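Please study the sequence and the structure shown below before attempting the exercises. Each exercise consists of a task and a worked solution.

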Amino acid sequence: MIRVVYDDDLVTGLANGHCAGTILPESMRGYPLSRLRVADGTVVDAAIYDMFYIDASGVKHIVPGDDRQALSCMWSDDLAQLDGIWIVRCDDQQQILAAARASAVAVSGSGPTTLAGWHDLAASIVDAQAANAREAVGTTGYGQETEYINTEADARAFIAALAADETTDAADYPYLAAEIAAQAAATGETPDAETVAHEIITEAESWAASLAQIKQARRTAKLQIAAATDVAGIAAVLAGLSS
């Protein structure tokens, strides 16, 4: 005969043999202990309940108690704490957590416990997605972005100087000269400096247009997230961003 060991209404273990305790019904012998509760000395199946009393640790009890929060939910529902209140974890929260992991944004445990925390997490996701988009365009970090900016500046300065003086030497423009030298090393032929400068400017203008679109999408999403009044609103912004 199997009996249960319990504390309050929670089953903590099983005991065999002739010992004191409440008998475990044969129909429940395959159930995990976390699904079992004890009410009035009888073992019951928590899965048949739709009202629980949640303690500070998030454990579902079937009897009220001091500092326990009443919550309509099922035994199998995942719970989360938001601004100090236990709630059933919703698909919107799961969506945000999935987006965070997909964007390589660090998130601990089951996610934030305040609406402000969900705002911050979503904003980090937007920034990470924007960084990935910028990398796809061709910028992967501050140093490389600075190189692009300086190369474009050299190219534009060289073209302007060349228009005023045909003897202008590309060697006086170190980033432009570096690009010319790189192409010469790769092909075995030194390219025309003016042609290279125009190619740099054309590519930079293409990048600028793409980066402006990324900036607009990032800023729009972050402002919408900041204005969201609940997790569902935050999730909707992220869903729109990834669509």
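The exercises below concern a predicted model.

**Exercise 1. A hairpin**

Task: Determine how strands S9 and S10 pair, and describe the residue Asp83 in their hairpin.

Solution.
Step 1. Locate the strands: S9 covers residues 79-82, and S10 covers residues 85-88.
Step 2. Establish the sense of pairing: the two strands run antiparallel and are joined over 4 bridges. As an example of a bridge, Ala80 is partnered by Ile87 in S10.
Step 3. Examine the turn. The hairpin has 2 residues between its strands. Asp83 belongs to the loop between S9 and S10, and its phi is near 55°, a positive value in a residue other than glycine.

**Exercise 2. A second residue with positive phi**

Task: State where Asp8 is found and whether it counts as buried, partly exposed or exposed.

Solution.
Step 1. Asp8 is found in the loop that lies between strand S1 (2-7) and strand S2 (10-16).
Step 2. Its phi is near 60°, which is positive although Asp8 is not a glycine.
Step 3. The relative accessibility of Asp8 is 40%, so the residue counts as partly exposed.

**Exercise 3. An open sheet**

Task: Give the strand order of the open sheet that contains S6, and explain which strands stand at its edges.

Solution.
Step 1. The sheet has 3 strands in the order S7-S6-S8, and the pairing is antiparallel.
Step 2. The edges are formed by S7 (60-61) and S8 (69-72); each has a single partner strand, so one side of each is left without a neighbour in the sheet.
Step 3. Consider one pair in detail. Strand S6 (residues 51-54) pairs with S8 in the antiparallel sense over 4 bridges, and Phe52 stands opposite Leu71 in S8.
Step 4. Recall a general point: the side chains of a regular strand alternate between the two faces of the sheet.

**Exercise 4. A loop residue and its contacts**

Task: Describe the setting of Val59.

Solution.
Step 1. Val59 is placed in the loop between S6 and S7.
Step 2. The relative accessible area of Val59 is 29%, so this residue is partly exposed.
Step 3. Setting aside neighbours within four places in sequence, Val59 is in contact with Leu10, Tyr53 and Ile54.
Step 4. Compare sequence with space: Val59 and Arg35 are 24 residues apart in sequence, and their C-alpha atoms are 11 Å apart.

**Exercise 5. Two residues of helix H1**

Task: Decide whether Leu97 and Ala100 are buried or exposed, and list what they touch.

Solution.
Step 1. Ala100 lies in helix H1 (residues 91-102), and Leu97 is also placed in helix H1.
Step 2. Ala100 has a relative accessible area of 0% and is therefore buried. Leu97, with a value of 3%, is buried.
Step 3. Not counting residues up to four places away in sequence, Ala100 touches Val105, Val107, Leu121 and Ile125. On the same basis, the residues touched by Leu97 are Arg89, Val107, Ser110, Gly111, Trp118 and Leu121.
Step 4. Add the distances between C-alpha atoms. Leu97 and Ser110, 13 residues apart in sequence, are 8.1 Å apart in space. Ala100 and Thr114, 14 residues apart along the chain, are separated by 16 Å.

**Exercise 6. Two packed helices**

Task: Describe the packing of helices H4 and H5.

Solution.
Step 1. Two quantities describe a pair of packed helices: the angle between the axes and the distance between the axes.
Step 2. H4 (residues 174-187) and H5 (residues 193-227) pack at an angle of about 110°, and their axes are 10 Å apart.
Step 3. This angle makes H4 roughly perpendicular to H5, because angles of 65 to 115 degrees are placed in that class.
Step 4. Identify the contact: Leu176, Glu179, Ile180 and Gln183 in H4 meet Ala193, Val196, Ala197, Glu199 and Ile200 in H5. The residues of this contact comprise 6 nonpolar, 1 polar and 2 charged.

**Exercise 7. Cysteines**

Task: Determine how many disulfides the model has.

Solution.
Step 1. The cut-off is a pair of cysteine sulfur atoms within 2.5 Å.
Step 2. The sulfur of Cys90 is 14 Å from the closest cysteine sulfur, in Cys73, and is therefore too far away for a bond.
Step 3. The count is 0 disulfides, and Cys73 is in no disulfide.
Step 4. Compare exposure: Cys73 counts as buried at 3% relative accessibility, whereas Cys90 is partly exposed at 27%.

Methods:
Residues are numbered from 1 along each chain as its sequence is written. This is a predicted model: local features need pLDDT of at least 70, side-chain atom pairs count only at pLDDT 80 or more; totals for chains, interfaces and linings use all residues. Side-chain values use heavy atoms; hydrogens and water are left out. Two strands pair if DSSP finds at least two bridges between them. Axes are lines fitted to C-alpha atoms, for helices over the stretch in contact, and angles run from 0 to 180 degrees between N-to-C directions. Angles under 35 degrees count as roughly parallel, over 145 as roughly antiparallel, 65 to 115 as roughly perpendicular and the rest as oblique. Contact means heavy atoms within 4.5 Å. Ala, Val, Leu, Ile, Met, Phe, Trp, Tyr, Cys and Pro count as nonpolar, Asp, Glu, Lys and Arg as charged, and the others, Gly among them, as polar. Buried means under 20% relative accessible area, exposed over 50%, partly exposed in between (1.4 Å probe, protein chains only).
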